[in-house]
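Reader: I have a structure open on my screen and would like to talk it through with you. Could we go piece by piece?

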Amino acid sequence: MRPWITAAALGAAQAAAVAALAFWLHPMEIANSEMDAYVVHVQAVLDGTPIFDGYHPVNTGMLGAAVAWLSGLDPFSALRVLGGLAAGAIVAGTFVLSRQFVGGVWPWLAALLMVANNPMVINGMQAASDMPATAVGVWTMVAAVAAARSRHWRPAFGVGLLFGIGVGTRFAAAGLAPLLLAVGIGGLRWSRACAGGIGIGLGFLPQALVAWSTRGSPLANDNWKNIALKQGNFDPMRLSDPGAASVGELLDRHGAHLLQLGWGDLWQLFRGGLGQHLLGGGPTWAAAATVALVGVAIVVWSCRGRAEARIVVAASLSYLVMVCWTFAPLERLLLPVLPIMAVAMVAAAGSVRWRPAAMVTGLAVVAIAGTAMARLPERLRQFVDEHPHVEVEVCRQQVQRPDLVAVASTFAPMSRYVRGPIEFLMPSNPSVWHDEPRMVLLAIAGAREVGANLLVVGSRSSRRWHQVLRCGELPAGVIRERADDDVVVLVLPTTVLEGTAAASWLRAFTATPAHWRDGPLEVRWRLPEGVDAARVARARVHLQAPVPVGPLPTIPLRPVAAEGLGYRLTFRPPAGTWGLQGRLTLDDGTQVHGPQVAVVVQ
């Protein structure tokens, strides 16, 4: 059987298996990378209005929209299918990449490692960019090896195109930039260099167009603020206030600290963390031994292999360093490194002439794959348990209450599963997790700021908040209505002012333009003359629509002036007519629900 047919068959089988598992075991989002709102991105593309997200490029939304359009599936189902297809593409790409360096049974063993790999299966079921970005990265490596062995412009164009698509799928894919060196092996020719550059431009074009139309620059993004997030102990407020105007200023102030943090993360991976991801868990010694085996294999492969092998290794190490330095070595971000670990082991084993060494390496690869496969059922059970089924059902019950104003939930997609006034409440940052009384106050204050009189916190969406609110001492007037292993429900004393009573605090609310096509939407809250503006704690915009896409983000106040509060919104709901209501939260928790305006999103 020809290698490409074998790769396609392996990929199709893996894609079908992972997609089937996704539809069987994964009926709703869970609290991880799926909180990055890719479902909303897909729907926006289907409606013809791609959303600019400074942290998440548009390619995943566009690929998901293509699957949805071709299959007729809803956005969440389309993204699950896309994850399955990506899992198949990773297996096929790993087989082809291995086949470029070694023949025989070795490419089959590399593919087997990816078939059995727990992170690949679990992440392949989810509606996120992790697996598509990994699949594009693997095939970029395949194209780089082909370009290094050719003098034609077409392989160079392929490397550039896939690299551009990868960066447009996840910004961290820029860490694979050493793969572009393959274009210059054997002497750089202008035709190959130009072909590679054009490919990068075409691959990145969708993201560039959306960024240019929104921010005025094709390279505009906010991903650099993740560095501030890391430096600030992952306090979410650092994203809105990074403490620096640019990445250069941030590095100038905290570069030494960031290097220390990044080295600590990298050292943990080299001590056995990478082995844990390949094995799917297990004892520390086994993980450390796996990392040692991979390290020896990379050295042998780099020394005995050709220049393209060293380029692939350099790209993988570059990506690993970038992830550790700029964010965190999360399992989902390390996925692009796992196929290279598999390829390195089989390529090194296939290149040595000493047969016992090859046999030992082959047995080790089979043992790693077998260990991962044996641990997969338990990992799947843990994955199923992470779904917030009880939390969703509790919210469905709470929205039926006659005294309901709004429900604050720590599960971001809740408004897609429960029709009613649902507000998302982001859990507090880890820096306050040791201060339980403060966490209780922050949770209650956050619920009041988003205008809710009910707070629903689940152990699946926010384990730490659930632990604290289940047993912590509550302020006077706050009632703990339910507290069990799954959900905590708090009832907050709340006064709501509407109509004439609300007019004493909020005279008018406007949104310009009424027909929203390009640029930001300017919203303004106008306060009556003589009002004590210092008592206004928050200004908010509530989005009312026939479909449960959720509210617009809570908007914190800037310096308050009685003549009005202004803010420019860049979040764009899907096309259609939407009702926007201006709301205020006073310093005593009183909610002011002001007038509504209609905005036609085009």
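Reader: In strand 9, which residue is the bridge partner of Thr512?

Author: Happy to start there, and please keep in mind that this is a predicted model. Strand 7 covers residues 508-512 and runs antiparallel to strand 9, with 5 bridges joining the two. Thr512 belongs to that pairing, and its bridge partner in strand 9 is Glu522.

Reader: Which residues form the covered face of strand 9?

Author: Strand 9 spans residues 521-526 and has two faces. The uncovered one holds Glu522, Arg524 and Arg526. That leaves the covered face to Leu521, Val523 and Trp525.

Reader: Moving a little further along, is Arg535 buried, partly exposed or exposed?

Author: Arg535 sits in the loop between strand 9 and strand 10 (536-544). Beyond its sequence neighbours up to four places away, Arg535 touches Trp505, Thr585, Leu586, Asp587 and Asp588. Buried means under 20% relative accessible area. Arg535 has 26%, so it counts as partly exposed.

Reader: How far apart in space are Arg535 and Asp588, C-alpha to C-alpha?

Author: Asp588 is among the residues that Arg535 touches. In sequence, the two are 53 residues apart. In space, C-alpha to C-alpha, the distance is 8.2 Å.

Reader: What separation do the C-alpha atoms of Val478 and Val491 have?

Author: Val478 lies in the loop between helix 20 (463-471) and strand 4 (479-483), and it is buried, with a relative accessible area of 9%. Leaving aside neighbours within four places in sequence, its contacts are Ile444, Leu490, Val491, Leu492 and Pro493. Val478 and Val491 are 13 residues apart along the chain, and their C-alpha atoms are separated by 5.8 Å.

Reader: Now to the salt bridges: how many residues apart in sequence are the parts tied together by Arg332 and Asp130?

Author: The side chains of these two residues meet in a salt bridge, at 3.4 Å from N to O. Arg332 is in the loop between helix 14 (307-326) and helix 15, while Asp130 is in helix 7 (residues 130-148). The pair therefore ties together parts whose separation in sequence is 202 residues.

Reader: Which residue is linked with Asp130 and Arg332 in a network of salt bridges?

Author: Both of the residues you name are buried: Arg332 has 19% relative accessibility, and Asp130 has a relative accessible area of 2%. Their network of salt bridges also takes in Arg170.

Reader: In the salt bridge between Arg306 and Glu308, how far apart are the closest N and O atoms?

Author: This pair brings together two settings. Arg306 is exposed, with a relative accessible area of 52%, whereas Glu308 counts as buried at 4%. The closest N and O atoms of their salt bridge are apart by 3.3 Å.

Reader: How many salt bridges does a search of the whole structure find?

Author: Another example is Arg401 with Asp403, whose closest N and O atoms are 3.2 Å apart. Asp403 counts as partly exposed, at 40% relative accessibility. Over the whole structure, the number of salt bridges found is 19.

Reader: Last topic: which helix gives the largest nonpolar core its largest share of residues?

Author: In soluble globular proteins, nonpolar side chains tend to be buried together. Here the largest nonpolar core has 90 residues, and Leu179 and Trp301 are among those with the most contacts inside it. The largest share, 11 residues, comes from residues 338-351, which form helix 15.

Methods:
Residues are numbered from 1 along each chain as its sequence is written. This is a predicted model: local features need pLDDT of at least 70, side-chain atom pairs count only at pLDDT 80 or more; totals for chains, interfaces and linings use all residues. Side-chain values use heavy atoms; hydrogens and water are left out. A nonpolar core is a set of buried Ala, Val, Leu, Ile, Met, Phe, Trp, Tyr and Cys residues joined through side-chain atoms within 4.5 Å. Buried means under 20% relative accessible area, exposed over 50%, partly exposed in between (1.4 Å probe, protein chains only). Helices (H or I, at least four residues) and strands (E, at least two) are DSSP runs, numbered from the N terminus. A salt bridge is a side-chain nitrogen of Lys or Arg within 4 Å of a carboxyl oxygen of Asp or Glu. Two strands pair if DSSP finds at least two bridges between them. Contact means heavy atoms within 4.5 Å.
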